[in-house]
Amino acid sequence: MSLPRRSTFFHYKPPLTEKNLPSQQGKVFIITGASSGIGKELASILYAHHAKIYLATRAEAKTNAVIDEIRRLNPQNPRSGFLARESRLDVLWNNAAVMVPPKGSVSVQGHELQFAVNNLGHFLFTKLLHPLLVKTANSEGAAGRRGTVRVIWVSSSAADHVAIPAIDFSNMDYRRRGEGIWSMYARSKAGNVLQAVEYARRVGEEGVLSLTLNPGNFLTGLQKTMPRWQVFLFKLVAQDPKNGAYSELFAGLDESITQADNGGWVSPYGKLESVREDLLDPVLGKRFWEWCEEKVRDFM
Ligand SMILES: NC(=O)c1ccc[n+]([C@@H]2O[C@H](COP(=O)([O-])OP(=O)(O)OC[C@H]3O[C@@H](n4cnc5c(N)ncnc54)[C@H](OP(=O)(O)O)[C@@H]3O)[C@@H](O)[C@H]2O)c1
């Protein structure tokens, strides 16, 4: 265990907000888990700035309601295009997550639910989108724009407090040894950091930037399965989820971030800081990457 970073509670002023974000006309973005919380706020800001955004979600009716709400809030934007085919992808925000579900929750494939949603789903999604990301990075690079094509693996301050080693490969389904549900969440969020760092190692040469972040603390759908007393305490530090979108905006779009920052960590609400040392371990990163690869092989 380590002490929290100062930025977990004392946040930086967001460099990018809806007030100073330049037009995103012509850009194509994907946000996973945009039917709620931070992802919804991020989609709303980007839509108001004329981006074409795909909301990668699971609940169609809930997502359509969010799209209607975003359109209602931004009536000046006539775009409708989530369902059309694209020839470019500028930024992928791997934002969806589940946190502390009832113990024993597993995915359809039988994986512990937090590893499944937070890591395996995003791993597969990114793999499938990788060729398009590289193609976009190539065309951006040819136009003299580098570091604009990015994958953002949304993590959490929980990753700063994960056990060491962060991933216990002998107990990935938690059947061999029981473990607290918070510890399991922290492992999945450390998994997001490992994914970001390892993806950066693998795709840096291809011009794609890969970053991870802690958005901040917000009362969203994420706490729906959290015990009430914990929610009560959490409310004491929770802020407007729009600030979480600022953290994600910074990571995805801030022009001060360059190829040299690949694999980096963004603290709330938009500042580069270092990744926890042990999560930079290339052996651990490679092993986690290969574990993900093995688990999604049948879907590729
Ligand atoms: N809120 C915080 O304080 C906080 C702090 C640190 C990190 N984060 C991170 O920030 C990100 C966004 O969280 P949030 O606070 O905005 O939470 P949220 O409101 O619960 O949003 C999470 C999104 O993930 C989606 N999702 C959950 N399970 C899924 C599945 N099996 N398949 C597809 N989508 C699924 C949800 O879809 P449904 O609506 O269909 O359930 C929802 O759209 C997460 O990565 C989270 O770990 C949040």
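Tutor: Two strands pair if DSSP finds at least two bridges between them. Helices (H or I, at least four residues) and strands (E, at least two) are DSSP runs, numbered from the N terminus. This is a predicted model: local features need pLDDT of at least 70, side-chain atom pairs count only at pLDDT 80 or more, and totals for chains, interfaces and linings use all residues. Residues are numbered from 1 along each chain as its sequence is written.

Student: Which residue in β2 stands opposite T32?

Tutor: Strand β1 (residues 28-32) and β2 run parallel, joined by five bridges. Opposite T32 in β2 stands A56.

Student: How many residues of β2 are buried?

Tutor: Buried means 20 or more other C-beta atoms within 10 Å of a residue's own; 12 or fewer is exposed, in between is partly exposed, and C-beta atoms are placed from the backbone. Strand β2 spans residues 52-56 and is mostly covered. Of its five residues, the buried count is four.

Student: Which helix gives the most to the largest nonpolar core?

Tutor: A nonpolar core joins buried Ala, Val, Leu, Ile, Met, Phe, Trp, Tyr and Cys residues through C-beta atoms within 7 Å. The largest has 73 residues, and I31, L42, A43, I152 and A190 have the most contacts inside it. With 11 residues from 181-203, the top contributor is helix α4.

Student: Which helix gives the largest share of the shell around the ligand?

Tutor: The ligand is surrounded by 25 residues (C-beta, placed from the backbone, within 6 Å). The closest are G33, G37, A96, A97 and G221. Three shell residues, the largest share, come from residues 37-48, helix α1.
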